[in-house]
Amino acid sequence: MGQQRNGPRAERAYRAREFDAFVAGAAGRLLHAATLLTAETRTRNPHAQALLTAALAHTYAVWDRLRDEDPYELTRRELAARFARTAWRHHGGRGGVLSVLHPLERLVVVLRLYEGVAEEQVAALLGLPTARVRAVRARAVATLRAARSSTEKPAGRTAA
């Protein structure tokens with residue numbers, strides 16, 4: 001009888017430890033991705049933290065039903081979906097590296113270049129054709145290059 005009472009409780013404790021270990025290992029990278037998405041700075045990123053907290057809450061809610069699914073992939077998809085639904089809030093940059101980009105461009109750049117997600121997977125996640133994802137990424141990279149070159153000082157010039 002005592003084992004029946006401790007069985008589910010012990011299982012819940014084990015699953016909670018599994019989730020805690022997952023968060024300890026993945027939260028830093030996921031927070032960085034969320035910070036890039038919201039175009040906030042690394043030191044001041046309340047929107048990114050809220051976005052990540054909501055995505056992790058979703059992952060925790062379905063944790064017991066995960067079987068062969070990668071929890072990092074699930075959390076990343078949830079993070080991207082939540083960002084896409086609230087992208088209008090993140091239109092203006094807050095000083096982050098990707099603040100010159102439109103939210104869709106940031107989402108594609110973060111998924112493709114930072115997270116290394118295949119174009120086909122990004123297209124399926126966003127409900128866009130693969131060619132559109134490719135075009136958005138190319139436009140975003142061109143915008144970032146142009147922004148970078150406009151802020152750099154020309155080489156060889158010195159102050160007189």
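These are my notebook entries on a predicted model of one protein.

**Entry 1. Overall layout**

I started with the secondary structure. The protein has six helices and zero strands. Along the sequence I read the pattern α-α-α-α-α-α. I then looked up burial for the chain. Of its 160 residues, 36% count as buried. Next came the contacts between residues at least 6 apart in sequence. Of these, 58% join residues at least 24 apart.

**Entry 2. The cavity**

I looked for enclosed space. How many cavities of 30 Å³ or more does the structure hold? I found one. The largest cavity has about 40 Å³ of space.

I listed the lining next. It consists of A33, L37, R76, L79, A80, V110, L111 and E115. Three elements give two or more residues each to this lining: α1 (2-38), α3 (71-85) and α4 (103-114). Which of the elements supplies the largest share? That is α3, with three residues. By class, I noted six nonpolar residues, no polar ones and two charged ones in the lining.

**Entry 3. α4 against α6**

I turned to helix packing. Helix α6 covers residues 130-151. It packs with α4 at an angle of about 100 degrees. The two axes are 9 Å apart. Angles of 65 to 115 degrees count as roughly perpendicular, so α4 and α6 are roughly perpendicular to each other.

I wrote down both sides of the contact. From α4 come L104, E105, V108, V109, R112 and L113. From α6 come R132, V133, V136, R137, R139, A140 and V141. I sorted the contact of α4 with α6 by class and got eight nonpolar, no polar and five charged residues.

**Entry 4. α5 against α6**

I checked a second partner of α6. Helix α5 spans residues 119-126. The angle between α5 and α6 is about 105 degrees. Their axes lie 8 Å apart. How do α5 and α6 run, then: roughly parallel or roughly perpendicular? The angle makes α5 roughly perpendicular to α6.

On the α5 side, the contact uses E119, E120, V122 and A123. On the α6 side, it uses T130, V133, R134 and R137. The classes here are three nonpolar, one polar and four charged. I went back to the α4 list and found V133 and R137 of α6 there too.

**Entry 5. E78 in α3**

I picked out a charged side chain in helix α3, namely E78. Is E78 buried or exposed? Its relative accessibility is 12%. The cut-off for buried is under 20%, so E78 counts as buried. I then looked up its neighbours. Leaving out residues up to four places away in sequence, E78 touches A55, H58 and R85.

**Entry 6. A39 between α1 and α2**

I looked at backbone angles. A39 sits in the loop between α1 and α2. Its phi is near 60 degrees. That is a positive value in a residue other than glycine. I checked accessibility as well. With a relative accessible area of 1%, A39 is buried.

**Entry 7. Two alanines in α2**

I stayed with helix α2, residues 46-61. A50 lies in this helix. At 48% relative accessibility, A50 counts as partly exposed. I took its separation from L31, which is 19 residues away along the chain. The C-alpha atoms of A50 and L31 are 9.7 Å apart.

A57 is in α2 as well. A57 has a relative accessible area of 44%, so I logged it as partly exposed. I took A57 to T75 next, a pair 18 residues apart in sequence. From C-alpha to C-alpha, A57 and T75 are 9.2 Å apart in space.

**Entry 8. V97 between α3 and α4**

I finished in the loop between α3 and α4, where V97 is placed. Is V97 buried or exposed? Its relative accessible area is 70%. Exposed means over 50%, so V97 is exposed. I also looked up V97 against T35, 62 residues apart along the chain. The separation of their C-alpha atoms is 9.4 Å.

Technical notes. Residues are numbered from 1 along each chain as its sequence is written. This is a predicted model: local features need pLDDT of at least 70, side-chain atom pairs count only at pLDDT 80 or more; totals for chains, interfaces and linings use all residues. Side-chain values use heavy atoms; hydrogens and water are left out. On a 1 Å grid over the protein atoms alone, a cavity is a set of points where a 1.4 Å probe fits but cannot get out, and a pocket is an open set with protein on both sides within 12 Å along at least five of seven lines; lining residues have an atom within 4 Å of a point. Grid points are joined across faces, edges and corners, and a volume is the space filled by probe spheres set on the points. Helices (H or I, at least four residues) and strands (E, at least two) are DSSP runs, numbered from the N terminus. Axes are lines fitted to C-alpha atoms, for helices over the stretch in contact, and angles run from 0 to 180 degrees between N-to-C directions. Angles under 35 degrees count as roughly parallel, over 145 as roughly antiparallel, 65 to 115 as roughly perpendicular and the rest as oblique. Contact means heavy atoms within 4.5 Å. Buried means under 20% relative accessible area, exposed over 50%, partly exposed in between (1.4 Å probe, protein chains only).
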